[in-house]
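Here are a few exercises to work through at your own pace. Try each one by looking before you read its solution.

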Amino acid sequence: HKGYNKGKMRAFYIWFLFHLWFGSSTFVPQCEKGCDCQEVLKCVNCSKAAFTYIPGNLSSDTEHFDLSWNNLTVIPVGALSFLWRLKVLLINDNDIRVIEDGAFSCLENLRRLDLSRNKISSLGNGFSIGLQSLGELLLSENQLRALNSESFQHLDNLQKLNLSCNNISYIEIRAFRHMTYLRQLHLNENRLATLNNNIFSMLKSLEVLNLEGNQINNTDLDVFMPLSSLTLLNLVQNQLQSIKFKTFVSIHNYETHILLAGNHWHCDCDLQRVFRKLQNTQRLILDDYEYLTCKEPHELEGHKIVDVENELCFGETVTVLIITFTVIVTVVAAIVMAERNRKKRTGKHWSEESDMTY
């Protein structure tokens with residue numbers, strides 16, 4: 001019996017030492033100066049600690065890491081390699097200019113990454129390596145100028161992507177092609193001028209597309225066709241002068257709300273016809289139609305389209321009526337002249353036959 005107890009105690013000490021030295025689930029009691037480490041919550045808050053580097057004396061159990069409002073300028077490869085259980089990483093409001101390729105390669109459990117309000121001007125081809133579980137990526141208020149086709153190639157499970165308030169003027173064809181589960185794409189307040197076909201290819205799950213506050217003046221006819229789940233399309237405050245009916249009718253969702261206010265509409269009969277067709281298409285809803293105003297022609301500038309829509313085709317209708325009336329008059333005149341000539345020929349022929357009889 002005593003031997004049994006000794007063996008039991010020996011096993012307990014072996015188990016204790018094993019977990020003390022080799023266990024991966026023990027939270028490191030030390031906490032970097034300037035940080036607040038919550039063992040129970042598995043959360044480390046290093047916000048506003050004036051760090052110029054990523055602190056390394058953290059437990060591998062950490063799931064929530066807040067590095068916001070510091071002085072970081074670069075995210076190097078390997079700096080986060082020990083945080084393989086991390087689910088939330090907040091690095092917003094720093095001075096980050098460079099993210100090295102593969103910097104997030106070990107964060108295979110990360111769900112949310114916030115890089116908002118930094119000074120990132122480009123994303124390398126290896127930016128998304130390791131981020132296959134990421135659900136939300138925030139890159140708003142940076143200095144991005146273009147999006148290439150490789151930067152987002154590993155974001156297979158991303159559902160929300162915020163790229164608002166950058167300087168994006170070019171998106172490479174199929175830059176979002178791997179994001180088949182993406183539900184929200186925010187590209188508002190950028191410098192996009194043209195929307196080309198295939199930019200949004202493969203975004204079959206996209207529900208919200210925010211393009212407000214760009215410089216869009218042209219869209220390809222089928223640019224929105226892949227968006228079969230789209231419920232909100234925001235094109236407010238762009239430079240659209242006209243739009244083709246097919247551009248919107250190619251969206252095959254059962255109900256899509258469209259916002260178009262604040263554009264440079266050239267009010268004419270063609271535009272009026274497009275809007276009339278859109279309003280008669282039940283699955284497309286122009287939520288702000290009553291607020292759309294004319295930019296051109298000059299005499300209609302500032303007028304609401306809804307107030308002048310009945311006049312936009314008036315001139316064309318009058319022209320058609322005048323042309324029709326002119327054609328009818330011409331035809332009638334031709335018939336009358338032909339009849340007169342026929343009667344003259346008939347009369348002359350009768351007179352000649354009478355003279356021959358006598």
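**Exercise 1.** In E17, which residue is the bridge partner of Leu-233?

*Solution.* Keep in mind that this is a predicted model. Start by finding the two strands: E16 covers residues 232-234, and E17 covers residues 256-259. They run parallel, with 3 bridges joining them. Now look across from Leu-233 into E17, and you land on Ile-258, its bridge partner.

**Exercise 2.** Trace the sheet and find which strands are its edge strands.

*Solution.* Go strand by strand: the order is E1-E2-E3-E5-E7-E8-E10-E12-E14-E16-E17-E19. That makes 12 strands in an open sheet, with mixed pairing. Next, check the ends of that order: strand E1 (36-38) and strand E19 (284-286) each pair on one side only, and these are the edge strands. As a last step, follow the twist, which averages 5 degrees from one strand to the next.

**Exercise 3.** Locate the largest pocket and work out which element gives the most to its lining.

*Solution.* First, the space itself: the largest pocket has a volume of about 290 Å³. Head for its centre, where the closest of the 15 lining residues are Asn-218, Gln-241, Ser-242, Ile-243 and Lys-244. Then look at the elements that give two or more residues to the lining: strand E15 (218-219), helix H2 (245-249) and helix H3 (269-279). H3 comes out on top, giving 3 residues.

**Exercise 4.** How many nonpolar, polar and charged residues does the lining of the largest pocket have?

*Solution.* Sort the lining by class, and you get 5 nonpolar, 7 polar and 3 charged residues.

Note on methods:
Residues numbered from 1 in each chain as written. Predicted model: local features only at pLDDT ≥ 70, side-chain atom pairs only at ≥ 80, totals over all residues. Heavy atoms only, no water. Pairing = 2+ DSSP bridges. Helix = DSSP H or I, 4+ residues; strand = E, 2+ residues; numbered from the N terminus. Axes fitted to C-alpha atoms, helices over the stretch in contact; angles between N-to-C directions. 1 Å grid on protein atoms, 1.4 Å probe; cavity = no way out; pocket = protein on both sides within 12 Å on 5 of 7 lines; lining within 4 Å. Points joined across faces, edges and corners; volume = space filled by probe spheres on them. Nonpolar A, V, L, I, M, F, W, Y, C, P; charged D, E, K, R; others polar.
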